[in-house]
Amino acid sequence: MRIIPAIDIINGKCVRLSQGDYGKMKVYREDPVEVAKEFEDADLEYLHLVDLDGAKKGEVVNWKVIRDIQEDTALNVDFGGGVKTDEEVQSLLDLGISQINVGSLAVKEPEKFIAWLKKYGAENFILSADVKGENVSINGWLESTDFRLFDLVSKFEVHGLEYLCVTDIATDGMLTGPNFGLYKKLKKQFPKIKVIASGGVSSIDDLKELKHINVYGAIVGKAIYEGKIKPEELKEIQ
């Protein structure tokens, strides 16, 4: 199982939200690049990098942080936050970003996302679905929709979708444990898709349970910043 520490950026700083609420933001570190280096020093290989300014605005904002992390670390970075154009996709891939998370655009412009899967390769993209219950939220979790998660995944699976990251907004940033039932259901319905769990990880035991469910990856954020899990402990779970 991939263990993927997370860095969320607002105004160039490393922050965390609770349940996707921009009004419940806590700044943990001034320099996200330093945090990324610490993850690398702990022998971690992956990083989930989110531009929350970009998610809100609908275009990538924190380019400097992205470039600096790419230049200063060897981490395999998956990036999300406001990617809407071919130019942004190409720029991110040119910078060496491993994968691009696509969320709101996949809901609003599914044909464009399908075209990207074909043009750039499905291996370069993660369908990133933020859910309340089983309904998808978009625009940095600010807007609820009537789109059902399982319908959305089915739509793109037939076009070669390989990677899926699902964040349960109810658990995200709450340190109450992931929605294990949801990930079990996803694994059962979409056995060929690589499912990445996001939201609620609070302990090493949570990660062991996700590994038992056999998800492809698990994103860890607030538990690290609040000292519930040490970065060096994460290596043992992979």
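**Reading the terms against the values**

User: What makes the approach of the T73 side chain to the backbone nitrogen of L75 a polar contact?

Analyst: The side chain of T73 reaches the backbone nitrogen of L75 at 3.3 Å. A polar contact is a pair of N or O atoms within 3.5 Å, in which, within protein, one atom must be able to donate a hydrogen and the other to accept it; residues adjacent in sequence count only if both atoms are side-chain atoms. The value of 3.3 Å lies within 3.5 Å, so the pair qualifies. A polar atom of the T73 side chain also lies 2.9 Å from the backbone oxygen of I69. The model is predicted, with local features requiring pLDDT of at least 70 and side-chain atom pairs pLDDT 80 or more, while totals for chains, interfaces and linings use all residues. Residues are numbered from 1 along each chain as its sequence is written, and side-chain values use heavy atoms, leaving out hydrogens and water.

User: Where does T73 lie, and why is T73 called buried or exposed?

Analyst: T73 belongs to the loop between helix 3 (63-72) and strand 5 (76-80); helices (H or I, at least four residues) and strands (E, at least two) are DSSP runs numbered from the N terminus. Buried means under 20% relative accessible area, exposed over 50%, and partly exposed in between, with a 1.4 Å probe and protein chains only. T73 has 10% and is therefore buried. Beyond residues up to four places away in sequence, T73 touches A36, K37 and E40, where contact means heavy atoms within 4.5 Å.

User: How do you know how many disulfides the structure has?

Analyst: A search of the whole structure finds zero. A disulfide requires a pair of cysteine sulfur atoms within 2.5 Å. The cysteine sulfur closest to that of C14 is in C165, 17 Å away, which is too far for a bond. C14 is buried at 0% relative accessible area, and C165 is buried at 2%.

User: What makes a set of residues a nonpolar core, and which residues have the most contacts inside the largest one?

Analyst: A nonpolar core is a set of buried Ala, Val, Leu, Ile, Met, Phe, Trp, Tyr and Cys residues joined through side-chain atoms within 4.5 Å. The largest has 71 residues, and those with the most contacts inside it are I7, F113, L149, L186, L207 and L210. A second, separate core of eight residues includes I4, A6, C165 and I219. In soluble globular proteins, nonpolar side chains tend to be buried together.

User: Why is strand 11 described as largely enclosed, and what makes strands 10 and 11 a pair?

Analyst: Four of the five residues of strand 11 (194-198) are buried, so the strand is largely enclosed by the rest of the structure. Two strands pair if DSSP finds at least two bridges between them; strand 10 (163-168) and strand 11 have five bridges in the parallel sense and therefore qualify. T167 stands opposite S198 in strand 11. Strand 11 is also joined to strand 12 (217-220) by three bridges, running parallel, and A197 has A218 as its bridge partner.

User: Why are N11 and D43 called buried or exposed?

Analyst: N11 has 61% relative accessible area and is exposed; D43, at 51%, counts as exposed. N11 sits in the loop between strand 1 (2-10) and strand 2 (13-18), with a positive phi of about 55° although it is not a glycine.
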